[in-house]
Amino acid sequence: MDFSDFVNNFIALLVVTNPLSALPAVLKITKNQSLPEKKKTGITAAIAVGIILLIATWGGSPLLKSFGIKLPAFQIAGGLVLLMLAFSMLNAQESTIKQTAEEQKEKRPDSGAIVPLAIPIIAGPGAISTVILHTNQHPGLFDQVLVSISAILVAFVMGLLLYSASHLERIFGQTGINIFNRIGGLLLAAIAIQSITNGLLDSFPSLKI
C-alpha cells in the first residue's frame, strides 16, 4: 500500500462513516444533557467507533475465511450495502441499514453514545465492510497497520465533530448538512460501483477485456 492508497482508504472510510449524518443523531440523543455531558457522549462514541473499526481490521478477514467467503463475493455484497447507503445520503435520509425505526424508538438520552450512535449509526455495516475490503485488498501486516491508522484517524475526526456538534449545527444548519450529505453520497456511490465492478471481474474473469 502506497501513500495514495492510504489516503484513498482514509477518505473512503470517512465518507462511509459520514460524520455530518451523525450530527442530528447526537443532538437528538444529547438533547437533555448538559454541555459537558454532550461532549463526553461525543468522545465516548468516537472511542467506541475506533475500537469497532480496529476489531474489523484485525478480525474481519479471519472471520470471512472461517465462513468460506471469498473476497470477490464480499466485494459485491459490500458494494451493494455502500450503494444503498449512498442513495439514502443523496436523498438526505437516514438509511435503515444503519438504524431501523425500532432502534430509533429504543434510544435513551442517557445511554446513546455506544448504541445507537457508535454502532450502527457511525460504524455500521458500510464502515465495517469498507475496512474488511481494505484489509483483504492489502493483506500484509504493514498494510493492516496502515488501515488501522486510517481507522484511528477517522475516529479522531468523528470525535472532533461530535465534541463540537452543537456549534456545527448552528453554523451549517440542516440545509448545509444535507448538502454535504449529498456530496458524500455521490462519492460513496462511485466507491460502491467500483467495489461491485471489481468483485464481478474477479468472479467472472471472462468479463475482462
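Reader: Happy to start with helix α1; how far apart are its end C-alpha atoms?

Author: The expected span of a helix is 1.5 Å times one less than its number of residues. This is a predicted model, and its helix α1 runs over residues 3-17, which makes 15 residues and an expected span of 21 Å. The model agrees with that, as the end C-alpha atoms of α1 are apart by 21 Å.

Reader: Thanks! Which residue follows α1, with a positive phi?

Author: Within α1, the buried residues include F6, F10, L13 and T17. Just after the helix comes a residue with phi near 50 degrees, and that residue is N18.

Reader: And P19, is it buried or exposed?

Author: P19 belongs to helix α2, residues 19-29. It touches L14, M158 and L161, leaving aside residues up to four places away in sequence. Buried means under 20% relative accessible area. P19 has 12% relative accessibility, so it counts as buried.

Reader: Which residue, 103 residues from P19 along the chain, has its C-alpha atom 7.5 Å from that of P19?

Author: Look at helix α6, residues 113-122, where seven of the ten residues are buried, so the helix is largely enclosed by the rest of the structure. Among those buried residues are L117, I121 and I122. The one whose C-alpha atom is separated from that of P19 by 7.5 Å is I122.

Reader: Lovely. Which helix supplies the largest share of the lining of the largest cavity?

Author: That cavity has a volume of about 50 Å³ and is lined by eleven residues, with K38 and Y163 among those nearest its centre. Helices α2, α3, α8 and α9 each supply at least two lining residues. The largest share is three residues, and it comes from α3.

Note on methods. Residues numbered from 1 in each chain as written. Predicted model: local features only at pLDDT ≥ 70, side-chain atom pairs only at ≥ 80, totals over all residues. Heavy atoms only, no water. Helix = DSSP H or I, 4+ residues; strand = E, 2+ residues; numbered from the N terminus. Buried < 20%, exposed > 50% of the residue type's maximum accessible area, 1.4 Å probe, protein only. Contact = heavy atoms within 4.5 Å. 1 Å grid on protein atoms, 1.4 Å probe; cavity = no way out; pocket = protein on both sides within 12 Å on 5 of 7 lines; lining within 4 Å. Points joined across faces, edges and corners; volume = space filled by probe spheres on them.
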